[in-house]
Amino acid sequence: MISVRNLSKSFGPNRVLKDLSFDVPQGRTAVLLGRSGSGKSTMLRCLNLLEHWDGGEIEIGGAPLGRSRKPDGQWRPWNSREEAEARQRIGMVFQQFNLFPHMTVLQNVMCGPVRILGEDAAKARPAALALLEQVGLAAKQDAYPAFLSGGQQQRVAIARALAMRPQVLLLDEITSALDPELVGEVLEVVRDLKRSGLTMVCVTHEIHFAQDVADHVIFMEDGQVVEEGPPDTILVEPATERLRKFLTRFHARGGREKAAA
Ligand SMILES: Nc1ncnc2c1ncn2[C@@H]1O[C@H](COP(=O)(O)OP(=O)(O)O)[C@@H](O)[C@H]1O
Ligand SMILES: [Mg+2]
């Protein structure tokens, strides 16, 4: 479903992604794991066309992302309308939930389908309610975000992303801003999505998150893939010294390596 080939990206002199390649098959959940600054968010933002890369290719669902072939066979980059259309098919949820504070929970979930996809409110409303049911928040449909816990807000943010019926869902550190006791309810929603067969790429610096939701873990350092494989293999018996060190450091910090590390 997702194929990343030799992706490179620099910010000025800072090479943030160095020849990065990986694949995520349809219906699988990949977790990009690594310390802060290793390039995980930048990689995810490229998948959502929030960043432009300097070299390499991305394909989603077999089609190139960010460029099309002209009749003469040459490539041309997408214009902003084409990018915006692609972004609708690629959902993204961030550490900070970014809900609209002046809208109720239900309005937050409905607004994408109504305003962007042009759906009738009469159709979007029951669909949004079903999604709120799915994330366990139907009872909060009329509440404003400020009256919800962080865990509840993040579940609304997931429902809002799903309302656009994305082909793939990208999750960037979605539990990192939450109090530990609220992490579980969000993880449960992610596990549920995984069972439903959605293709996801999750970014985290927390090993527990990777252990919990990944089919496939991609350990990144310094803009490169160091090691990848199923969580029960690489998180238990890492093949590289670099991953071994990361795991040891994480456990030594009591399990939550903070973003400042
Ligand atoms: N918009 C930007 N401008 C300049 N540098 C950036 C920008 N975004 C990220 N970086 C740099 O890219 C590197 C990787 O950042 P990031 O992808 O956010 O890593 P991670 O998500 O793994 O913590 C860091 O050195 C960061 O400072
Ligand atoms: Mg990040």
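**Stop 1: the shell around ligand 1**

Start by selecting ligand 1 and the residues around it: the shell splits into two nonpolar, seven polar and two charged residues. Keep in mind as you click around that this is a predicted model. To build the selection yourself, pick F11, N14, V16, R35, S36, G37, S38, G39, K40, S41 and T42.

Now turn on distances. Where should you look for a backbone atom beside an oxygen atom of ligand 1? Go to G37, where a backbone N or O atom sits 2.6 Å from a ligand oxygen. Next, click on the side chain of S41: one of its N or O atoms is 2.8 Å from an oxygen atom of ligand 1. Then try N14, whose side chain has an N or O atom 3.4 Å from an oxygen of the ligand.

Switch on the surface for a moment. On its own, ligand 1 has 560 Å² of accessible area, and the protein covers 58% of that. Back in cartoon view, which elements give two or more residues to this shell? They are strand 2 (14–24) and helix 1 (40–47). Helix 1 supplies the largest share, with three residues.

**Stop 2: the open sheet**

From the ligand, follow strand 2 into its sheet. Four strands make up this open sheet, in the order 2-1-4-5, and they pair in the antiparallel sense. Which strands stand at the edges? Color strand 2 and strand 5 (63–64): each has a single partner strand, so one side of each has no neighbour in the sheet.

Zoom in on strand 5 and its partner, strand 4 (residues 55–60). The two are antiparallel and joined over two bridges. For one of the pairings, select I60 and look across to strand 5, where its bridge partner is A63.

**Stop 3: strand 8 and strand 9**

Next, select residues 90–93, which are strand 8. Are the faces of this strand buried or exposed? Both are covered: I90 and M92 on one side are buried, and so are G91 and V93 on the other.

Add residues 168–172, strand 9, to your selection. Strands 8 and 9 run parallel as a pair, with four bridges between them. To find one of the matching spots, click V93 and then L171, its bridge partner in strand 9.

**Stop 4: two residues with positive phi**

Move past strand 8 into the loop that leads to helix 3 (105–116), and you'll find N98 there. N98 isn't a glycine, yet its phi is positive, at about 55 degrees. Its relative accessibility is 46%, so N98 counts as partly exposed.

Now hop to E173, in the loop between strand 9 and helix 6 (180–195). Here is another non-glycine residue with a positive phi, this time about 50 degrees. Is E173 buried or exposed? It counts as buried, because its relative accessibility is 9%, and the cut-off for buried is under 20%.

**Stop 5: E119**

For the last stop, select E119, in the loop between helix 3 and helix 4 (121–134). Why does E119 count as buried? Because its relative accessibility is 13%. To see what E119 touches, leave out its neighbours within four places in sequence and show the rest: P113, V114, A124 and R165 are in contact with it.

Key
Residues are numbered from 1 along each chain as its sequence is written. Chains are lettered from A and ligands numbered from 1 in the order in which they are written. This is a predicted model: local features need pLDDT of at least 70, side-chain atom pairs count only at pLDDT 80 or more; totals for chains, interfaces and linings use all residues. Side-chain values use heavy atoms; hydrogens and water are left out. Buried means under 20% relative accessible area, exposed over 50%, partly exposed in between (1.4 Å probe, protein chains only). Two strands pair if DSSP finds at least two bridges between them. A residue is near a molecule or strand if one of its heavy atoms lies within 4 Å of it. A polar contact is a pair of N or O atoms within 3.5 Å; within protein, one must be able to donate a hydrogen and the other to accept it, and residues adjacent in sequence count only if both atoms are side-chain atoms. Accessible areas come from the Shrake-Rupley method with a 1.4 Å probe; for residues, only the protein chains shown count as cover. Ala, Val, Leu, Ile, Met, Phe, Trp, Tyr, Cys and Pro count as nonpolar, Asp, Glu, Lys and Arg as charged, and the others, Gly among them, as polar. Contact means heavy atoms within 4.5 Å.
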